[in-house]
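Look at the chain before you read on. Which features would you ask about?

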Amino acid sequence: ALADIDAVVARVRRSRSYRMASSALILWGPIVAAGYVLTHVMPKRAALVWIGCHTLGVAATLWLARRERRDYGRPYDLRLVWATVIVAAFGLIWTVGLARLGPRELSAFWPTLFMMGYVLAGLWLGRLLVAIGCGITALTLAGYVFAGPWFDLYMAVVNGGGLLACGLAMRRS
């Protein structure tokens, strides 16, 4: 009987994690897609475009976390927030300080870095996150090699659309 209870608790925990993750994916998908499209249209303003997109995304994610706390009475697990901050800081150290990445390389670096985080989170939260991370990473690398001057538009579909589609798929899991 205790094993059955533990199994139910594990399913509920995974369901709650998937619900929050799916909301974040559905939120970030269109923001990321818009960032890539605007980067393609206004390449000289790409830095400002991404600062705006990330500011909007972080603010909306914080709103989601606040809503989660209000609706379910438990605070959102801040370890996930800190993990995201650490991954972003690591990326900034490399892209701003150490590496000399061009625009195309930056467009491939950031999604692969965050998808690594999805793969790692999936080791605890479920195989679907591992599949999302590996799939978007593989498609990003394929686009980097084969998409040519359309890479940013390709990434709008692959990364932005992929995040949105995966968020919707997680809703059904």
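**Helices, rings and a surface patch**

Student: Where is the kink in α6 centred?

Tutor: First, the term: a helix is a DSSP run of H or I with at least four residues, a strand is a run of E with at least two, and both are numbered from the N terminus. The bend at a residue is the angle between two axes, one fitted to the seven residues ending there and one to the seven starting there. In α6 the kink comes to about 30°. Its centre is glycine 161.

Student: What kind of model is this?

Tutor: Residues are numbered from 1 along each chain as its sequence is written, and side-chain values use heavy atoms, with hydrogens and water left out. Local features need pLDDT of at least 70, side-chain atom pairs count only at pLDDT 80 or more, totals for chains, interfaces and linings use all residues, and the model is predicted.

Student: How many helices does the protein chain have?

Tutor: Read along the sequence, the pattern is α-α-α-α-α-α. Strands number zero. The count of helices is six.

Student: How far apart are the end C-alpha atoms of α6?

Tutor: Helix α6 covers residues 151–172, which is 22 residues. The expected span of a helix is 1.5 Å times one less than its number of residues, so α6 should span 32 Å. The model agrees, with end C-alpha atoms at a separation of 31 Å.

Student: How far does α4 reach from its first C-alpha to its last?

Tutor: Helix α4 holds 23 residues, 103–125. The expected value at 1.5 Å a residue is 33 Å. The model is close to that, at 33 Å.

Student: Which residue follows α4?

Tutor: Look just past the helix for a positive phi. The angle is near 140°. The residue is glycine 126.

Student: What share of the 173 residues is buried?

Tutor: Buried means under 20% relative accessible area, exposed means over 50%, and partly exposed lies in between (1.4 Å probe, protein chains only). In α4 the buried residues include Ser107, Phe109 and Gly122. In α6 they include Met155, Leu163 and Cys166. For the protein chain, the share is 32%.

Student: Is leucine 25 buried or exposed?

Tutor: Leucine 25 is in helix α1. Its C-alpha lies 8.3 Å from that of alanine 165, 140 residues apart in sequence. Because its relative accessibility is 0%, leucine 25 counts as buried.

Student: How far apart in space are glycine 160 and leucine 25?

Tutor: Glycine 160 is in helix α6, and at 1% relative accessibility it is buried. In sequence, glycine 160 and leucine 25 are 135 residues apart. C-alpha to C-alpha, they are apart by 9.0 Å.

Student: What separates the C-alpha atoms of threonine 61 and leucine 27?

Tutor: Threonine 61 sits in helix α2, residues 46–72. It counts as partly exposed, at 23% relative accessibility. Along the chain, threonine 61 and leucine 27 are 34 residues apart. Their C-alpha atoms are separated by 7.8 Å.

Student: How many aromatic pairs does the structure hold?

Tutor: Rings of Phe, Tyr and Trp (its six-membered ring) pair if their centres lie within 6.5 Å; planes under 30 degrees apart are stacked, over 60 edge-to-face, and the rest tilted. By that rule, the number of aromatic pairs is six.

Student: What is the angle between the planes of phenylalanine 109 and tryptophan 110?

Tutor: Ring pairs link Phe109, Trp110 and Phe114 into a cluster. Phenylalanine 109 and tryptophan 110 lie 5.4 Å centre to centre. Their pair is edge-to-face, with an angle of 80°.

Student: How far is tyrosine 144 from phenylalanine 151, centre to centre?

Tutor: Tyrosine 144 is partly exposed at 29%, whereas phenylalanine 151 is buried at 2%. Their rings form an edge-to-face pair, with 85° between the planes. Centre to centre, the distance is 6.0 Å.

Student: What accessible area do Val37, Leu38, Val41 and Met42 have together?

Tutor: These four form a nonpolar patch on the surface; valine 37, in helix α1 (residues 2–41), has a relative accessible area of 35%. Patch residues have over 30% relative accessible area and no salt bridge (a side-chain nitrogen of Lys or Arg within 4 Å of a carboxyl oxygen of Asp or Glu). Like charges are joined within 9 Å, nonpolar side chains (Val, Leu, Ile, Met, Phe, Trp, Tyr) within 5 Å. By the Shrake-Rupley method with a 1.4 Å probe, where for residues only the protein chains shown count as cover, the area is about 310 Å².
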